[in-house]
Amino acid sequence: MANEQDLLSTEIVNRGIESSGPNAGSLTFSVRVRRRLPDFLQSVNLKYVKLGYHYLINHAICLATVPLLVLVFSAEVGSLSREELWRKLWEDARYDLASVLSFFAVFVFTLSVYFMSRPRSIYLIDFSCFRPSDDFKVSKEEFVELARKSGKFDEGSLEFQKRILQSSGIGDETYIPKSVIASAGNCATMKEGRTEASAVMFGALDELFEKTRIRPKDVGVLVVNCSIFNPTPSLSAMIINHYKMRGNILSYNLGGMGCSAGVIAIDLARDMLQSNPNNYAVVVSTEVVGYNWYQGRDRSMLIPNCFFRMGCSAVLLSNRRRDYYRAKYRLEHIVRTHKGADDRSFRCVYQEEDEQGFKGLKVSKDLMEIGGEALKANITTLGPLVLPFSEQLLFFATLVWRQLFSSSSSSSSGGGVLNSKKPYIPDYKQAFEHFCVHAASKGVLNELQRNLELSESNMEASRMTLHRFGNTSSSSIWYQLAYLEAKDRVKSGDRIWQLAFGSGFKCNSLVWRSMRRNRKPTRTPWLDSIDRYPVQF
């Protein structure tokens, strides 16, 4: 465990000119101390590296044997001249026809078993992200004023939310139900929740079906994830009823799984497609903001009010080989990490009532540290699957060296030079061309960039999504991919890393490979604003 001082960072914040009090008219500053992500690349756990190599070996053992067989066959054939080779083949076929036919039968049978038993490729045909109408657009100042008019918050709570918004990295064009903020009564009702869920889900799905020209009745698997709002009938049932989908559809509704649930939903859809050939799957990821609006004064529970905004994504997946030519991406890897066995991780994002009985999400001050530990485990497992061999070799060699010799060197030299040396940090920029990191907050993105040594261009999609749409929970990584497409940056063969984390505590990774040059789409949530980005904030 890192020292307490190592997990703290400080910054000087300009609070502007005091309007009242003994320092009225004076420019004032404050020093902010907060926790940051631990330097997780300095303390890699060997078991997660072994897990990654276990995944790699399971999938690559057949690829390792093929070159060996080719080498043996080439050595045997290379010792014969062309005339001798043809004479040998003709004589064998002439005098031992049964052996030749048996060989071809075994070859065809083996080839058939291989192609029938190997996992089907999962293709992403297209996706869509919902953009609410301008009636829901709220600036930071308007957010505070609407909250003040509701009469639910005292001046201390309002000032706290204002400070959080100013340093959040969120812009002035995010979307939230204004009636929820300004309402003096209870706004977290089932009616309000269903209204918001219907608007965002049907908006995203209408666009998806229009773009892909797929009929709702053609969909065989439906997976919906929404962490907080889980009515009866379920959200997946609402979609089936609205689009009159077929009666034998396999539908699933994931709840309470946080901002990383979108990756979990893709994983479930992949498993269903592997078991049901020649099918389409639709994955809908959203969060209902109004239903989780906190009306109390506990500051740890006011934070989600400041960050979460309306959003929804809909993704169409297919396992049909004929869709190879029109698919945008192919699914390469899914790596999931769950730290729920640890009590601190389990309770770091926790839904409960405050002292006044108001329901909300309580965010622990240990969130950054816990998130860093989950991220460390996830990327260490992912590394052997995606990193080039040179990076894996350097990383693994330094890791083994530290594991084997650091303890003995430390005891003999009193914690000497070897124990203080930094291990080799893998360059994930060699594994991926594009990064879509869950846009939780500006502080989290800053720490992730520092620890993974990513450039500003690598983090651009995440930062701009946070600024334009806020934290849209599990759909955030899809708004980021839409940003990259709107900027016309995704080319054939490019690898995209989608990284999300959420309550539980979970950290999950998706890896896609672009199947073709994805030109600037005509339908995108960035349509009216892409030319204004990137912006500095």
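The side chain of K217 reaches a backbone oxygen: a polar atom of that side chain lies 3.0 Å from the backbone oxygen of K244. This is a predicted model. K217 sits in the loop between helix 7 and strand 6, the latter covering residues 221–225. Leaving out residues up to four places away in sequence, K217 touches K244 and R246. The next link is one of distance along the chain against distance in space. K217 and G247 are 30 residues apart in sequence, yet their C-alpha atoms are 9.1 Å apart. Is K217 buried or exposed? Neither label fits, because its relative accessible area is 47%, and exposed requires over 50% while buried requires under 20%. K217 is therefore partly exposed.

S157 makes a useful second stop. This serine lies in helix 5, which runs over residues 155–166. Its relative accessible area is 2%, so S157 is buried. The cut-off for that word is under 20%. Which side chain does S157 meet in a polar contact? The partner is D154, and the contact between the two side chains is 2.8 Å. Beyond residues up to four places away in sequence, S157 touches R297 and L302.

Now take helix 12, residues 367–386. Its geometry can be checked by arithmetic. The expected span is 1.5 Å times one less than the number of residues. Helix 12 has 20 residues, so it should span 28 Å. Its end C-alpha atoms are 27 Å apart, which agrees with that expectation. Helix 12 is also mostly covered, with 18 of its 20 residues buried.

Last comes the empty space. Rolling a probe the size of a water molecule over the atoms shows where such space is left. How many cavities of 30 Å³ or more does the structure hold? There are two. The second largest has a volume of about 60 Å³. Its lining is made of F127, S128, C129, E207, K211, A482, E485, P521, R523, T524 and P525. Three elements give two or more residues each to this lining: strand 3 (123–129), helix 7 (190–212) and helix 17 (476–486). Strand 3 supplies the largest share, three residues. What is the chemical character of the lining of the second largest cavity? Five of its residues are nonpolar, two are polar and four are charged. Among the charged ones are E207 and K211. Helix 7 thus appears twice in this tour: it contributes to the lining of the second largest cavity, and it borders the loop that holds K217.

Notes:
Residues are numbered from 1 along each chain as its sequence is written. This is a predicted model: local features need pLDDT of at least 70, side-chain atom pairs count only at pLDDT 80 or more; totals for chains, interfaces and linings use all residues. Side-chain values use heavy atoms; hydrogens and water are left out. Helices (H or I, at least four residues) and strands (E, at least two) are DSSP runs, numbered from the N terminus. Buried means under 20% relative accessible area, exposed over 50%, partly exposed in between (1.4 Å probe, protein chains only). On a 1 Å grid over the protein atoms alone, a cavity is a set of points where a 1.4 Å probe fits but cannot get out, and a pocket is an open set with protein on both sides within 12 Å along at least five of seven lines; lining residues have an atom within 4 Å of a point. Grid points are joined across faces, edges and corners, and a volume is the space filled by probe spheres set on the points. A polar contact is a pair of N or O atoms within 3.5 Å; within protein, one must be able to donate a hydrogen and the other to accept it, and residues adjacent in sequence count only if both atoms are side-chain atoms. Contact means heavy atoms within 4.5 Å.
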